[in-house]
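Visitor: I have not looked at this one before. Can you walk me through it?
Guide: Yes, starting from the picture below.

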Amino acid sequence: MSYVRTEDLVEITPASAGASEEPVALVAIGVFQDTETLTASQEALDELVGGGLTRARDRGDFRGRDSDDDFALFHRDGDGPQRVLFVGMGKVEKADRETVRKLAGRAVRRAEALSVTELHLVVPALVGEEDGAFEAVRAGAEGIHLAAFDFRELKTPGEGDDAPKPLVDRALLSVDGDAGSGLDEAIRVGSAFGAGENLARVLQFRPGNVATPSHLAEVAEAMAADLGLEITVLGPDEMEAEGMGALLSVAAGSDEEPRMIVLEHRGGDEGEAPLALVGKGLTFDTGGISLKPPKGMEDMKFDMSGGAAVLGAMKAIGMLRPGVNVVGVVPSSENMVNGKATKPGDVIRTRQGKTVEVINTDAEGRLILADALSYTADHFKPAAMVDCATLTGACVIALGHQAAALLGSDDDLVEELRGAGDRSGERCWPLPLWDAYRSQLESPVADLKNVGGRPAGSITAALFLSEFKGDVPWAHLDIAGTAYGEPRAPYQRKGGFGFPTRLLLEWVRTRSG
Ligand code: BES
Ligand code: ZN
Ligand code: ZN
């Protein structure tokens with residue numbers, strides 16, 4: 001199975017003619033709610049369908065609401081587009097990049113319903129934002145790639161009526177209003193973000209018997225060779241030599257060997273401190289001896305979502321080559337049960353030196369991350385280090401599925417990430433990392449225990465991690481509620497979302513100026 005699937009990426013180009021002139025199977029344009037007048041492009045398309053848009057608006061059949069159900073579709077013949085789709089975008093004062101991604105998602109889903117594989121998407125110019133037209137085109141390209149993604153590699157191809165519906169594979173993009181220049185660059189950036197997030201999704205969707213730690217390492221190696229990234233992969237012997245007793249204690253109960261993947265993009269000056277991205281790559285979490293209940297356990301194939309997002313982000317970074325050094329680190333293991341498995345009460349020694357009493361073998365993510373964080377801090381002395389992990393069920397209780405929990409040692413870094421979350425559409429929200437919670441991690445026999453009891457589970461998990469960051473400015477994203485699940489946006493499908501690939505990339509982009 002290939003790592004990159006460029007063959008599955010939509011081919012996106014800037015439209016060369018106006019919305020009403022391009023001869024495509026489907027042209028889609030967004031319409032805001034409660035606007036009196038039509039834009040020039042909307043008017044031209046309205047005319048093309050004999051005033052159908054005006055009629056639909058007058059009759060209240062189409063209001064432009066921010067809803068998958070509020071659209072108007074017209075069929076025509078002759079030159080130009082064969083079908084014209086008007087898509088609701090909600091109130092104009094609420095318009096942002098996510099509005100455009102959703103527009104793209106709704107256009108692609110309508111194309112799928114119509115079995116057409118090409119579309120012309122006309123995006124609004126986002127006049128309230130700096131570089132509004134550029135950002136709109138970028139978000140449009142991103143939304144198209146994300147929406148068109150479908151994980152099909154494990155389904156047997158059918159024939160005739162059983163054949164899977166074709167996917168959108170070609171798109172034209174243009175701006176409703178003044179496009180300015182830089183359309184190609186906007187498409188390039190949006191496509192890289194989409195490609196990165198789609199790689200993360202492929203890895204998330206692949207089940208535990210396919211996406212093992214060594215599989216993730218192979219994918220990373222192929223990607224590094226393709227994009228010119230440096231790569232180092234640690235196996236059990238190297239981990240032993242590094243003294244990574246925490247990571248090895250999680251892998252002890254499994255027949256699959258652990259790996260730690262280290263990818264480097266050298267885009268900044270030599271010796272310049274890199275930005276570090278670290279992701280939990282737990283390819284299947286049974287809970288270990290503290291076994292999880294069977295219901296829903298299949299979802300624990302998604303426990304490598306943080307690692308998948310780091311690999312996805314490194315892919316986009318390899319494509320875009322920003323002028324900054326970036327290192328991506330993915331500690332990867334299974335959490336299984338055999339005669340060698342770590343037992344509750346066992347005391348292990350982390351790479352950094354602290355001993356840990358393992359109270360609950362299901363709190364394994366913080367163990368593999370402890371060794372990865374101290375390794376990254378010591379080897380790379382990063383300017384900043386961000387980790388992401390499906391770390392605690394408590395995070396889902398606190399924030400549900402709308403935002404990742406954000407905790408960190410550095411207020412500026414936390415604020416940067418929160419902003420990157422808003423702009424990328426992958427939001428995160430702060431929880432306090434106060435010392436007052438630290439006593440919950442005290443152990444009578446070791447330096448720390450690996451669980452802090454029921455209250456404030458996401459905070460004590462982050463406090464545990466903070467013991468291993470060295471003196472590096474660090475922040476942690478708990479993505480347990482946001483990495484996968486039921487779709488929440490029209491550019492997602494049930495399963496892996498690739499979250500927080502775009503958030504990480506947006507942060508790297510702001511840091512690289
Ligand atoms: N991978 C889980 C966290 C998780 C739970 C992710 C639900 C996604 C959805 C993690 O390894 C885990 O099991 N955490 C335990 C910690 C507890 C034992 C302190 C949890 O949250 O229950
Ligand atoms: Zn667990
Ligand atoms: Zn886990």
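Visitor: What spacing do the donors of the zinc ion (ligand 3) follow along the chain?
Guide: They follow K-x4-D-x17-D-x60-E. Donors here are N, O and S atoms within 2.8 Å of the metal (3.2 Å for Na, K and Ca), and water is not among the atoms, so sites may look incomplete. Some ground rules: this is a predicted model, where local features need pLDDT of at least 70, side-chain atom pairs count only at pLDDT 80 or more, and totals for chains, interfaces and linings use all residues. Residues are numbered from 1 along each chain as its sequence is written, chains are lettered from A and ligands numbered from 1 in the order in which they are written, and side-chain values use heavy atoms, with hydrogens and water left out.

Visitor: Which protein donors does the zinc ion (ligand 3) have?
Guide: K280 (NZ), D285 (OD), D303 (OD) and E364 (OE), lying 2.0 to 2.4 Å from the ion.

Visitor: And why is the arrangement around the zinc ion (ligand 3) octahedral?
Guide: Its six donor atoms subtend angles of 77 to 176°, which makes it octahedral. The rule is that six donors count as octahedral, and four as square planar, if opposite donors are over 155 degrees apart and all others between 65 and 115; four count as tetrahedral if all angles lie between 85 and 135 degrees; anything else is irregular.

Visitor: What coordinates the zinc ion (ligand 2)?
Guide: D285 (OD), D362 (O), D362 (OD) and E364 (OE) do, at 2.0 to 2.2 Å. The six donor atoms there subtend angles of 70 to 168°, which makes the arrangement irregular. D285 lies in strand β10 and E364 in the loop between β13 and α10, so the pair ties together parts that are 79 residues apart in sequence. Helices (H or I, at least four residues) and strands (E, at least two) are DSSP runs, numbered from the N terminus.

Visitor: How far apart do the two zinc ions that D285 bridges lie?
Guide: The zinc ion (ligand 2) and the zinc ion (ligand 3) lie 3.2 Å apart.

Visitor: Is D285 buried or exposed?
Guide: D285 is buried, with a relative accessible area of 3%. E364 also counts as buried, at 1% relative accessibility. Buried means under 20% relative accessible area, exposed over 50%, partly exposed in between (1.4 Å probe, protein chains only).

Visitor: New topic. How many residues of strand β18 are buried?
Guide: Five of the five, so β18 (residues 474-478) is largely enclosed by the rest of the structure. W474, H476 and D478 are on one side, with A475 and L477 on the other.

Visitor: Which sense does strand β14 pair with β18 in, parallel or antiparallel?
Guide: Parallel, over five bridges; two strands pair if DSSP finds at least two bridges between them. V386 has A475 as its bridge partner in β18. Strand β15 (residues 404-408) runs antiparallel to β18, joined by four bridges, and L407 is partnered there with H476.

Visitor: Which residues touch the most other members of the largest nonpolar core?
Guide: L263, L277, M314, L477 and W507, out of 56 residues. A nonpolar core is a set of buried Ala, Val, Leu, Ile, Met, Phe, Trp, Tyr and Cys residues joined through side-chain atoms within 4.5 Å. Helix α9 (residues 305-320) gives this core its largest share, eight residues.
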